[in-house]
Amino acid sequence: MPAQTTKDSFEAGAFHPDHGTRRISGTLRIEGGMVNFAGDQGFFAFPLDSVQINLGGASDRLVFFAHANFPKASIFTSDKAILDHPAFAQNPTLTRARDRIRRRKLVGRCITLGILALIVAAIAGVWLAKDPMVKAVASQVPAEWEQKLGDTAFAQVTLTSKLVTDADVKKQFEQLAAPLLAVVPQDRYKFKLHIIEDASFNAFALPGGNLTFHTGLLLGAETPEEVLGVLAHEISHVTEQHGMRGIVQGLGLYGIVSIFFGDVSGLAAILVNNAPFLLTQKFSRDHEREADEQGFRYLEAAKLNPRGMITFFEKMRREEEKLREKIPGGEAMDALNFLSTHPATQERTAHLEKLLAKSPRKDGFTVVDLNFKEFQNALRSKLSQPEKQKKAEKPDAKKAK
Ligand SMILES: [Zn+2]
């Protein structure tokens, strides 16, 4: 209950037939069983008994007093403290009127708050629904479109890069990847492995299933599990549709919502223009984390030791630190560089360590059926510029490029 006010005079306005429709101002007092109005231009009063009290004005800002015996006259105040006047507690008519007004104010406030809450919820809802909507839109894209998009982007890569096409090397690489690919659902994607002669420490995936490794990464890895760790991560970018989701995300909220509620055919034209974008696309932190986690699950399912994924990221982190020391700001890292697109933060390896600790597989991993050193030697022997690569395999690989 609000404390009873000791205030007895309230700034007020009034209408009175003597002044036509003109509003007059003055003060309001409740005393002597009357509601009194006194202004420069006159004085009048209503008996408290059977006085009518109502809210009025914009947003019910004002408390109006009227009386059946004085039609066309009214007194009003914006000072709601008047409802705490002792007269309201003493006079049953006034008490009822006051309680009715307070209830109405309360309901009004609840409605306002309710509407505000609805607006906030709607905005939050659309915001929260954005990622699921992006995911849903991407999953509606026909597999052939995705394949075509990835192939177009890959064709651009081959214009400027030299592919390693040696049948024996390719066969060994496929043999290495086979157990991992065997656990990945193949209903939507046909995975294709490529090796590009490039000394940088890089690998990337394109929508539809083109998986590309740079010779720098394959020759720089210490174990086959490290290559498989990266491969599992890249496969996950494909199966989780990160490339496609990145493009859809780029359409903005309006575009996403309209395609979500419309149909994906509108995307066809957009996709055609987005093939080059795929080559410089940087995945979000969330997508990288998703690729780590999904990749981990693929490795686990294939009974391949995910430890390789962790040691590879650790290696990347050391490389990154070294680079940052040398090149403040790291501007020398180009967009296609695995390091610049995959910051190997401590948090990332820590997360994988946690997953490994919880893995029911523990140590029951199979031995990779490939002589990794032999594979690396075969690959090295097929390089058109082995000297360049050799320099690259040394610790300051980055500068050699
Ligand atoms: Zn990635």
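Which residue in strand 7 is the bridge partner of F64? The partner is F76, and this pair is a good place to start a tour of the structure. Please keep in mind that the model is predicted. The chain holds 17 helices and ten strands. Of its 401 residues, 33% count as buried. Among the contacts with a separation of 6 or more, 65% are between residues 24 or more positions apart.

**The seven-stranded sheet**

- Seven strands make up an open sheet, and following them across gives the order 4-3-2-1-7-6-5. The pairing in this sheet is antiparallel.
- Strand 4 and strand 5 (51-56) are the edge strands; each has a single partner strand, so one side of each has no neighbour in the sheet.
- On average, neighbouring strands here are turned by 30° against each other, with direction ignored.
- The F64 and F76 pair belongs to strand 6 and strand 7. Strand 6 covers residues 62-67 and strand 7 covers residues 74-77; three bridges connect them in the antiparallel sense.
- Strand 3 (residues 34-39) and strand 4 (residues 42-47) also run antiparallel, joined by six bridges.
- The link from strand 3 to strand 4 is a hairpin of two residues. To find the bridge between G39 and its partner, look for G42 in strand 4.
- A reminder for viewing any such sheet: side chains in a regular strand alternate between its two faces.

**The three-stranded sheet and its helix**

- A second group to look for is an open sheet of three strands in the order 8-10-9, where the pairing is mixed.
- Its edge strands are strand 8 (192-196) and strand 9 (203-206), and each of them pairs on one side only.
- From one strand to the next, the twist averages 20°.
- Five bridges hold the pairing of strand 8 with strand 10 (residues 210-214), which is in the parallel sense. One bridge to pick out is that of H194, whose partner in strand 10 is T212.
- Helix 3 (residues 143-160) packs on this sheet and touches strand 9 and strand 10. The direction of helix 3 makes about 25° with that of strand 10.

**Helix 6 and its two partners**

- Helix 6 (residues 224-239) packs with helix 4 (residues 167-181) at an angle of about 55°, and their axes are 10 Å apart. Angles that are neither roughly parallel, roughly antiparallel nor roughly perpendicular count as oblique, and helix 4 and helix 6 are therefore oblique to each other.
- The crossing of helix 4 with helix 6 is right-handed.
- On the helix 4 side, the residues that meet helix 6 are L176, A177 and L180; on the helix 6 side they are P224, V227, L228, L231 and A232. Sorted by class, this contact has eight nonpolar residues, no polar ones and no charged ones.
- Helix 6 also meets helix 11 (residues 285-301): their axes come within 7 Å and cross at roughly 115°. This crossing, too, is right-handed.
- Helix 6 brings L228, G229, A232, H233, I235, S236, H237 and T239 to the contact with helix 11. From helix 11 come E290, A291, D292, Q294, G295, Y298 and L299.
- What is the make-up of the contact of helix 6 with helix 11, by class? There are six nonpolar, seven polar and two charged residues.

**Loop residues to visit**

- S50 sits in the loop between strand 4 and strand 5. Although S50 is not a glycine, its phi is positive, at about 60°. S50 has 10 other C-beta atoms within 10 Å, so it is exposed.
- K303 is in the loop between helix 11 and helix 12 (307-326). K303 likewise has a positive phi of about 60° without being a glycine. Its 14 C-beta neighbours inside 10 Å mean that K303 counts as partly exposed.
- K80 lies in the loop between strand 7 and helix 1 (86-90). Since K80 has 16 C-beta neighbours inside 10 Å, it counts as partly exposed.
- K80 and F10 are 70 residues apart in sequence, and from C-alpha to C-alpha they are 9.4 Å apart in space.

Notes: Residues are numbered from 1 along each chain as its sequence is written. This is a predicted model: local features need pLDDT of at least 70, side-chain atom pairs count only at pLDDT 80 or more; totals for chains, interfaces and linings use all residues. Axes are lines fitted to C-alpha atoms, for helices over the stretch in contact, and angles run from 0 to 180 degrees between N-to-C directions. Helices (H or I, at least four residues) and strands (E, at least two) are DSSP runs, numbered from the N terminus. Angles under 35 degrees count as roughly parallel, over 145 as roughly antiparallel, 65 to 115 as roughly perpendicular and the rest as oblique. A crossing is left-handed if the near helix is turned anticlockwise from the far one by less than a right angle, and right-handed if clockwise. Two residues are in contact if their C-beta atoms, placed from the backbone, lie within 7 Å. Ala, Val, Leu, Ile, Met, Phe, Trp, Tyr, Cys and Pro count as nonpolar, Asp, Glu, Lys and Arg as charged, and the others, Gly among them, as polar. Two strands pair if DSSP finds at least two bridges between them. A residue is buried if 20 or more other C-beta atoms lie within 10 Å of its own, exposed if 12 or fewer, and partly exposed in between; C-beta atoms are placed from the backbone.
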